[in-house]
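Colleague: I should be grateful for a close look at how the strands of this predicted model are paired, and at the loops and the pocket that accompany them. Please treat the matter as one connected account.

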Amino acid sequence: MSSVDTCKWQGVDCSTGTEVLGLDLVWQGLSGTLPTEIVALTSLQMISFASNQFTGTIPSEYARLRTLFALELHRNLLTGSIPEAYYEAASETG
């Protein structure tokens with residue numbers, strides 16, 4: 001089985017190594033709920049899922065992304081408020 005170089009995928013930005021630093025998936029026609037699996041990308045700094053058709057709420061798991069500084073979710077069909085975990089994570093990092 002051959003390995004897949006995810007850093008060559010459209011909308012995936014990586015470091016000079018193989019760490020995924022950004023997901024830029026604006027206007028991609030994505031739908032469903034926001035994926036919680038991306039918390040496994042521990043070096044992620046930017047997520048842009050703007051202008052898609054995501055539904056549901058913002059996952060509180062995203063607060064575990066300690067290197068994340070930009071989360072763009074506008075122009076989706078999300079409901080609810082920003083999870084309290086984001087404010088707690090922000091106060092811990094200063």
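Modeller: β3 and β5 run parallel and are joined by three bridges. Within this pairing, G32 has F54 of β5 as its bridge partner. β5 also pairs with β7, again in the parallel sense, over two bridges. T55 has L77 of β7 as its bridge partner, and G56 stands opposite L78 in β7. Together these strands make an open sheet of three strands in the order β3-β5-β7, with parallel pairing. β3 and β7 are the edge strands, each of them pairing on one side only. All of this is read from a predicted model, not from an experimental structure.

A further open sheet has four strands, in the order β1-β2-β4-β6, and its pairing is mixed. β1 (12-14) and β6 are at its edges with a single partner strand each, so one side of each has no neighbour in the sheet. From one strand to the next, the twist averages 15°.

The mixed character of the four-stranded sheet can be followed pair by pair. β1 and β2 run antiparallel and are joined by three bridges. These two strands form a hairpin, with five residues between them. V12 has L23 of β2 as its bridge partner. β2 then pairs with β4 in the parallel sense, over three bridges. Here L23 stands opposite I47 in β4. L23 thus takes part in the pairing with V12 and also in the pairing with I47. Finally, β4 and β6 run parallel, joined by three bridges, and S48 has E72 of β6 as its bridge partner.

The pocket may be taken next, since two of the residues just named recur there. V12 and L23 are among the residues that lie nearest the centre of the second largest pocket, together with W9, I38 and L41. The lining of this pocket comprises 13 residues, and the space within the pocket is about 180 Å³. By class, eleven of the lining residues are nonpolar, one is polar and one is charged. V12 and L23 are therefore bridge partners across β1 and β2 as well as residues of the pocket lining.The loops between the strands complete the picture. S51 belongs to the loop between β4 (46-48) and β5 (53-56), and hence to a connection between strands of the two sheets described above. Is S51 buried or exposed? With a relative accessible area of 10%, S51 counts as buried, because this value is under the 20% limit used for that class. Setting aside residues up to four places away in sequence, S51 touches V26, W27 and Q28, and also H74, R75 and N76.

Two of these contacts deserve separate attention. W27 is placed in the loop between β2 (20-24) and β3 (31-33). R75 lies in the loop between β6 (70-72) and β7 (77-78). Most residues other than glycine have a negative phi. W27, however, has a positive phi of about 50° although it is not a glycine, and R75 likewise has a positive phi, of about 60°, without being a glycine. W27 is exposed, with a relative accessible area of 61%, and R75 counts as exposed at 58% relative accessibility. The buried S51 thus touches both of these exposed residues.

One more loop residue may be added. V39 lies in the loop between β3 and β4. Not counting residues up to four places away in sequence, V39 touches E61, Y62, R64 and L65. The C-alpha atom of V39 is separated by 16 Å from that of T6, and the two residues are 33 residues apart along the chain.

Technical notes: Residues are numbered from 1 along each chain as its sequence is written. This is a predicted model: local features need pLDDT of at least 70, side-chain atom pairs count only at pLDDT 80 or more; totals for chains, interfaces and linings use all residues. Side-chain values use heavy atoms; hydrogens and water are left out. On a 1 Å grid over the protein atoms alone, a cavity is a set of points where a 1.4 Å probe fits but cannot get out, and a pocket is an open set with protein on both sides within 12 Å along at least five of seven lines; lining residues have an atom within 4 Å of a point. Grid points are joined across faces, edges and corners, and a volume is the space filled by probe spheres set on the points. Ala, Val, Leu, Ile, Met, Phe, Trp, Tyr, Cys and Pro count as nonpolar, Asp, Glu, Lys and Arg as charged, and the others, Gly among them, as polar. Buried means under 20% relative accessible area, exposed over 50%, partly exposed in between (1.4 Å probe, protein chains only). Contact means heavy atoms within 4.5 Å. Two strands pair if DSSP finds at least two bridges between them. Axes are lines fitted to C-alpha atoms, for helices over the stretch in contact, and angles run from 0 to 180 degrees between N-to-C directions.
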